[in-house]
Structure formats: C-alpha cells, structure tokens
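This report describes a molecular structure for a reader who is new to the subject. The sequence and the structure are shown first, and the description follows.

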Number of protein chains: 2
Amino acid sequence: MAGRPRASSQRMLEEAASELFLESGYAKTTIEQITQRAGVSRNTFFNYFTAKSDLLWVELDASLQALTDALAERATSDDPLGAVQEALLVTAAGFTAERAPLVLTQYEVMGIDAELKAAGLARALAHADLIERYLVARLWAANPLAADRPLQARAIALAVLGAAAAAVGRWAADGPSRAPLVSYVERVVHPVLRGFSTG
Amino acid sequence: MAGRPRASSQRMLEEAASELFLESGYAKTTIEQITQRAGVSRNTFFNYFTAKSDLLWVELDASLQALTDALAERATSDDPLGAVQEALLVTAAGFTAERAPLVLTQYEVMGIDAELKAAGLARALAHADLIERYLVARLWAANPLAADRPLQARAIALAVLGAAAAAVGRWAADGPSRAPLVSYVERVVHPVLRGFSTG
DNA sequence: GGGAATAAATAGATCGAGTCCAACAATTAG
DNA sequence: CTAATTGTTGGACTCGATCTATTTATTCCC
C-alpha cells in the first residue's frame, strides 16, 4: 500500500493536549500549541479530530463501539430491558481509573465550565440512539401494533442515558479510590428500567 | 432612571433570526445579517444574547423560570416525586403549538443537524439541576442518613430530563395537529418516577 | 533507477463567532 | 447647562474551523 506514513496519531495529539490542558486550561490552550507539542502542523490536527472538543471525550466516543458490540451480542434476547442494562454495564466496565475522562476528574484544573461538561451529555446521545434502535427492534418485533412504542423506546433510551450520566458524574467526583463504575451505573439504571417494565 | 433607551430587544432579534434561518438556514445566517435586519449593529447582538445558538432555544430557556416557580410552589410537598411530575407537566403546558421551538419543528428547513439538536439536551441540564436540588431538599430532609441519596437525586433528575426530552422530540415531530405536550410528558415521566418510588 | 500513483503534511488564506475597549450617543437628574 | 447613567457602535483582535494548492514521503511497477 503506497502513501505517505502518518507523522502523528490521535493518541499523540491527545496526550499533548492533556498535558497542555492540565498546564494552562482547556480554553487557553490553542490547537497550534497542541500540534506543536506533537510535532505537526496546526492543519494536521483536523486530519485526526473533527473539533477541539473531541479531545475531551475520547473515552466516551470510544465506548460507543463497546456498546454497539454489547447490544449486538444480545440481539436475540427475550429480555430486552435486561439486555440493555447488561450492555450498559459491560460498557461501563471499560472505564477504569486510568480511563476516567480528564474532563470529569480534572475539570477545575482545566477550567471546564458547566457548559463544556454538559456537552458530554449531548455527545452521549449517540449511545441513546443505539439503545433506542435496539429496543425498537426487540420490543416492537414482538408487538408491532402498539402505537406509542417508538416514543417509549426513545424515552427508555434517554432516561437510561440520563441515569447513566448521573452515575458517571458521581463516579468521577468520588476520587481515585472510587468503586468500579459498574456499581454506580447498576444502582441508577435498574430503577429506570424497573419503572418501564411494570405496565 | 437615566440612560439611553434600547434600540432593539431580544424579541426583535429573535424574529429577525427566525426569518433568516427559515430563508437560508442556521449555519448560513450570520450575526451581521440578523442585526442588520433588526436595525442594529453586529456588536449589539451580544448585549441581548450570549451566543448565536441562544436563538435556537429561547422557549426552552424561558421554561426554566416556569419550572423554578412550579417547584417552589411545591416546596413543602410530602410526595416529592409526584411534585416533580406535576411541576414538569405545568412547565410542559407552557409549550403550545405557537411556542414550539423552531429548531425542533423546522430543523430540516433550517439545516439543523443532530449535533445542534443534541445541544438542547445539554442546555436542559439546567432544568435537571433544579429538579435535583428540589429532591435533595425534599428527600434528604426526611432521611439525611442515606449515603447515596445525592446520587439518587441526580439520577432521578437526569432520567426524568431524558424522558421529557424524548417526549418533546416526539411531540414536535408529530406536526401541528399534535396533542398537547403535557400528555406526551406524562406518559414517559410516570414510569421513570414509578421505578424510583418502589424501593 | 525513474516515473506514476498514492496518501499525508503543510502553507496560506479566509470566514465568522466571540471578545474587548474606547469613543460616541441618548436619556435623566440636579 | 453639566454630570451621571446606560446603551450603541466602530475597530481591532483571537481562534476554531474550512478549504485549496503545493509539497513531501512512501510504495509499486516497468
């Protein structure tokens, strides 16, 4: 395969960025500085990331694939709500102490305000979309005549997303000696799904 | 009171913007064009709005006050979860056909992509913060010793927010002859709160 | 070895949202 | 009338993001 070898990688840029964010804050760190530290030109940044903010949510974005896989493994489950919970827990297990997003653990040092943190929730809508699609396929294949099932699938997906977001936030705030994320997520996702499964 | 009278208003700018968004799309409409149509200078825009995106969420932002008031009226409720649902329904009642955010009803015409729509969820975190604070006050005054009650309050608040967002999205998509938003919100918020109230 | 194909990096330019400050303008109060 | 107050504007600037043309670094094939 011909072509010029890459001079950098997402990982390199991410590491350069994390150092700089911790040194000077997110807002004060320019893309020029990040790429300089990584040894490439400013324009090259956009060959690796769509936007500066992508740097804050690398682990979250990566977990989308984990959730996709976990849901696919449960494609034929006869307990869709239970399967959603399991898939979320499997995905949550991928977040270890070393893979806790800096944006959630070091937000004060990095000068991350509430609006920037909130953008994580918007970004995680992709996860909710996966869950919704899974539910639409599993629930309404069983009973396609129920008129509001698309709304219900979406509501479950978004409610679960919200609960999981609460869990992640608490987990990150609890410090390095925190329990595994899985236990937080389970504690909050279970009541949500319970509510939707009775009736 | 001395001082120079204002030459414009949020309302005027919002109307100018809505026209332009519908004509040319959100991304293609510049702040210069909006302020020109409203008859003021570009810099003046920022005396009325913090950012261009504020224009998309005027009704949502306004509903924050409605929710604040509705929760305050239920400050002494002995059924906090029920009170949260009622407050949400009162707030939802403020969204009529004429007050449906264009960003949700005309997103195709306006070229609003998924990311821009997702930002509404991030913005609505302010609503979830209100609910969380209300729950912390109501639930943990009654039983301050439960260790994970702050997490539970946050999880409820965010789960309810997610469910409500699903309702709003469905409601907007259903077209001008849609049923009142209240019925959508009730249908999805009730199971969430039910799940957290049993146990 | 050399040329062609391929993929990546870079320089340079531009746009527009957003920030900021100084000067100007429109009102009221004394 | 002057001073105080509040709002508008012009001008300059930053920086993320976009885009294009050129250059660069590799492989492949003759």
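## Helix 9 of chain B

In helix 9 of chain B, 21 of the 25 residues are buried, so this helix is largely enclosed by the rest of the structure. The model discussed here is a predicted one. From its first C-alpha to its last, helix 9 of chain B reaches 36 Å, close to the 36 Å expected at 1.5 Å a residue. Just after this helix, Gly175(B) adopts a positive phi of about 90°.

## Where the two protein chains meet

Contact between the chains involves 28 residues of chain B and 28 residues of chain A. On the side of chain B that touches chain A, helix 7 (114–123), helix 9 and helix 10 of chain B each supply at least two residues. Helix 9 of chain B gives the largest share of that side, with 13 residues. Sorted by class, the side of chain B that touches chain A consists of 18 nonpolar, five polar and five charged residues.

## Chain A as a whole

Chain A contains 10 helices and zero strands. Its C-alpha atoms fill a box of roughly 55 × 45 × 25 Å along the principal axes. Of the 199 residues in chain A, 41% are buried. Among the contacts in chain A between residues at least 6 apart in sequence, 65% join residues at least 24 apart.

## Helix 10 of chain A

Helix 10 of chain A covers residues 181–197. Its 17 residues should span 24 Å at 1.5 Å a residue, and the end C-alpha atoms are indeed 24 Å apart, which agrees. The helix nevertheless has a kink of about 25° at Val189(A), shortly before the proline Pro191(A). Both Val189(A) and Pro191(A) belong to the buried residues of helix 10, which also include Leu181(A), Tyr184(A), Val185(A) and Phe196(A).

What covers these buried residues? The cover includes parts of both chains: helix 5 (80–93) and helix 9 (149–173) of chain A, together with helix 9 (149–173) and helix 10 (181–197) of chain B.

## Annotated regions of chain A

Two annotations come from an unreviewed UniProt entry. The record places the feature "domain: HTH tetR-type" at residues 7–67 of chain A. In the model, the end C-alpha atoms of residues 7–67 lie 31 Å apart, and the span is 61% helix and 0% strand. The record also gives the annotation "DNA-binding region" for residues 30–49 of chain A. The end C-alpha atoms of residues 30–49 lie 14 Å apart, and this span is 60% helix and 0% strand.

## The residues around the DNA

Both protein chains supply residues around the DNA strands. Which residues come nearest to DNA strand C? Of the 24 residues around DNA strand C, these are Gly3(A), Arg4(A), Ser41(A), Ala51(B) and Lys52(B). For DNA strand D, the nearest of the 23 residues around it are Ala51(A), Lys52(A), Gly3(B), Arg4(B) and Ser41(B). The table sets out the classes of residue on the surface near each strand.

| DNA strand | Nonpolar | Polar | Charged |
|---|---|---|---|
| DNA strand C | nine residues | 10 residues | five residues |
| DNA strand D | nine residues | 10 residues | four residues |

Definitions and conventions. Residues are numbered from 1 along each chain as its sequence is written. Chains are lettered from A and ligands numbered from 1 in the order in which they are written. This is a predicted model: local features need pLDDT of at least 70, side-chain atom pairs count only at pLDDT 80 or more; totals for chains, interfaces and linings use all residues. Helices (H or I, at least four residues) and strands (E, at least two) are DSSP runs, numbered from the N terminus. The expected span of a helix is 1.5 Å times one less than its number of residues. The bend at a residue is the angle between axes fitted to the seven residues ending there and the seven starting there. A residue is buried if 20 or more other C-beta atoms lie within 10 Å of its own, exposed if 12 or fewer, and partly exposed in between; C-beta atoms are placed from the backbone. Two residues are in contact if their C-beta atoms, placed from the backbone, lie within 7 Å. UniProt positions are given in the numbering used here, feature names are shortened, and annotations may be inferred rather than shown by experiment. A residue is near a molecule or strand if its C-beta atom, placed from the backbone, lies within 6 Å of it. Ala, Val, Leu, Ile, Met, Phe, Trp, Tyr, Cys and Pro count as nonpolar, Asp, Glu, Lys and Arg as charged, and the others, Gly among them, as polar.
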